[in-house]
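Here is a short report on strand pairing, ring contacts and burial in one protein chain. Please look over the sequence and the model before reading on.

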Amino acid sequence: MSMTVDMEDAVISGTDGSAAASAAPGARPLLPVVGGGVPVPVVTGGTVPYANLDYAASAPSLESVAARLTTALPLYSSVHRGAGYASQVMTSLFESAREEISAFVGARGDDEVIFTRCTTDALNLAARAVPAGGEVVFLDIEHHANLLPWRARAHRCVTAAATVGETLAVLAADLDARPAALVAVTGASNVSGEVTPLADIVALAHARGARVLVDAAQLAPHRPIDMAATDVDYVAFAGHKLYAPYGAGALVGRRDWLDRAEPFLYGGGAVHDVSLGEISWTTGPQRHEAGSPNVLGAVAMAAAATALRGLPAGAMEAQELALRTRLTDGLSALGARIVRIWEDAPDVIGLATFTFDGHDPARVAAYLSAEHGVGVRTGRFCAHPLFARLGFGREGAIRASFGVGSHAGDIDRLVAALDAYLTEGPRWQYAATAQGWLPQPDPRPWPEWAAVNPAAGPGLSPCAANPLG
């Protein structure tokens with residue numbers, strides 16, 4: 001079949017919030033991002049605007065976030081104990097960021113906000129905080145970050161059923177059979193995009209004496225979170241998926257477990273007093289934030305949270321529904337197998353994972369990048385148990401993901417490129433190498449300011465030697 005791109009939808013103009021709000025959902029980005037539509041080279045010559053469909057791995061920075069950091073950098077300094085003006089300003093910014101993150105997830109008044117490096121860091125901290133002897137229950141659909149930390153302690157895994165309702169029943173039966181201290185679940189699957197029914201899970205877990213932790217790495221950038229309304233006990237998420245890729249994350253939740261837990265890091269800032277024989281640890285967020293915190297990362301997260309909270313109610317959901325429908329309709333027309341966990345998921349965020357029978361996902365992704373300037377992700381997305389249960393091989397699948405900086409033109413370019421691949425085949429040669437599938441040769445120039453991969457050997461361009469190129 002033949003696919004054409006609607007060029008009116010592909011044009012990016014007036015990408016401020018007011019223009020986006022007045023456009024049809026999906027026609028234009030909701031918010032401007034750094035690098036949106038940046039020119040990238042293709043192997044056939046010249047450049048094309050980059051279609052970034054890999055938001056679920058790491059989202060680009062919002063322009064407003066970058067501007068916030070540019071404003072703050074001249075006064076960057078230490079926090080909490082500095083007497084200087086710059087230090088006091090930074091301390092205020094850092095603690096204000098904590099308050100903004102609390103508001104962003106609808107935290108209760110006595111919840112703690114602890115800044116971490118990423119979601120994985122936050123979940124490992126949470127694993128330390130579960131009281132001794134308490135078991136942790138999780139589903140087999142989890143990202144490794146919400147699976148591996150619990151396996152170092154008492155735990156059990158529940159296999160998700162074909163529907164949401166059946167999965168809730170299986171989880172309830174497991175908790176009835178044996179008590180647990182904590183149920184740890186994803187807020188939205190990084191494989192299928194399906195949103196977990198958190199209110200239902202909280203209700204059944206609390207009724208059986210268990211707390212609930214949500215891995216919100218994928219949920220937080222796409223849907224509002226209200227901890228107070230849902231009564232979720234803990235939420236973990238990361239700045240690099242929240243349009244603030246500056247090395248910060250957060251764990252938010254009930255303070256009793258966190259105040260009793262062994263400090264996550266030993267060092268300055270986490271103590272009341274130290275002698276050569278004894279340590280008096282502090283409570284509150286500082287207990288787990290030893291050392292110099294990532295102040296700018298926290299400020300960036302807060303700026304992103306502020307921007308997302310400022311979107312009109314329902315704008316994100318409408319945008320993603322329009323784009324995902326456009327994508328899944330196009331993929332279905334091409335005969336793709338779209339990955340689903342549940343038949344009755346109540347909501348799906350902005351991503352779709354898919355395969356084409358007989359086509360290596362990594363080869364298809366290399367073609368999309370090299371010939372069309374479309375960036376996607378392939379593999380098993382740190383969810384190996386789920387992929388095994390769904391019947392996929394080690395090669396995994398292709399994932400296209402999008403967010404506030406995306407628009408219909410990105411989706412149309414992906415679908416048109418896939419159509420060309422299936423009907424005409426690639427125009428370039430590709431080979432499986434130690435670094436994955438790569439174009440042979442790869443004439444695309446590497447940015448002069450970027451480090452050259454030392455693995456580049458004779459006859460290989462830097463781009464060809466770098467699988468992220």
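## Strand 13 and its sheet

Ile 338 has Phe 354, in strand 14, as its bridge partner. The model is predicted. Strand 13 pairs with strand 14 (residues 351-355) in the antiparallel sense, over 2 bridges.

These strands belong to an open sheet of 4 strands. The order is 13-14-17-16, and the pairing is antiparallel. Strand 13 (337-338) and strand 16 (377-379) form the edges, since each pairs on one side only.

## Strand 9 and its neighbours

Strand 9 covers residues 234-238, and 5 of its 5 residues are buried. Tyr 234, Ala 236 and Ala 238 point one way. Val 235 and Phe 237 point the other way. In a regular strand, side chains alternate between the two faces of the sheet.

Strand 9 pairs with strand 8 and with strand 10, in opposite senses. Strand 8 (residues 211-215) runs parallel to strand 9, and 3 bridges join them. Strand 10 (residues 249-253) pairs with strand 9 in the antiparallel sense, over 5 bridges. Ala 236 takes part in both pairings. Asp 215 is its bridge partner from strand 8, and Leu 251 stands opposite Ala 236 in strand 10.

## Ring pairs from strand 9

The count of aromatic pairs comes to 9. One of them joins Phe 104 and Phe 237: the ring centres are 6.1 Å apart and the planes lie at 50 degrees, so the pair is tilted. Tilted pairs fall between the cut-offs of 30 degrees for stacked and 60 degrees for edge-to-face. Phe 104 lies in helix 4 (residues 85-104) and Phe 237 in strand 9, so the pair ties together parts that are 133 residues apart in sequence. Phe 104 is buried at 11% relative accessible area. Phe 237 is buried too, at 0%.

Tyr 234 pairs with Trp 257. Their ring centres are 5.8 Å apart and their planes are at 20 degrees, so this pair is stacked. The pair links Tyr 234 in strand 9 with Trp 257 in helix 9 (residues 255-260), 23 residues apart. Tyr 234 counts as buried, with 3% relative accessibility. Trp 257 is also buried, with a relative accessible area of 9%.

## Other ring contacts

Phe 381, Phe 387 and Phe 392 form a cluster through ring pairs. Elsewhere, Arg 363 lies over the face of Trp 437, at 5.7 Å from the ring centre.

## Helix 6

Helix 6 (residues 164-177) has 14 residues. At 1.5 Å a residue it should span 20 Å, and its end C-alpha atoms are 20 Å apart, which agrees.

Which residues of helix 6 are buried? They are Val 164, Thr 167, Leu 168, Leu 171, Ala 172 and Leu 175. Seen down the helix axis, the buried residues fall within an arc of 135 degrees, so they line one face of helix 6. The face turned away from that buried side carries the exposed residues Asp 176 and Ala 177.

## Annotated region

UniProt lists residues 52-414 as "domain: Aminotransferase class V", in an unreviewed entry. Over residues 52-414, the chain is 37% helix and 16% strand. The end C-alpha atoms of this stretch are 10 Å apart.

Conventions:
Residues numbered from 1 in each chain as written. Predicted model: local features only at pLDDT ≥ 70, side-chain atom pairs only at ≥ 80, totals over all residues. Heavy atoms only, no water. Buried < 20%, exposed > 50% of the residue type's maximum accessible area, 1.4 Å probe, protein only. Pairing = 2+ DSSP bridges. UniProt positions renumbered as here; feature names shortened; annotations may be inferred. Phe/Tyr/Trp six-rings, centres within 6.5 Å; stacked < 30°, edge-to-face > 60°. Lys NZ or Arg CZ within 6 Å of the ring centre and 35° of its normal. Expected span 1.5 Å × (residues − 1). Arc of directions from axis to C-beta.
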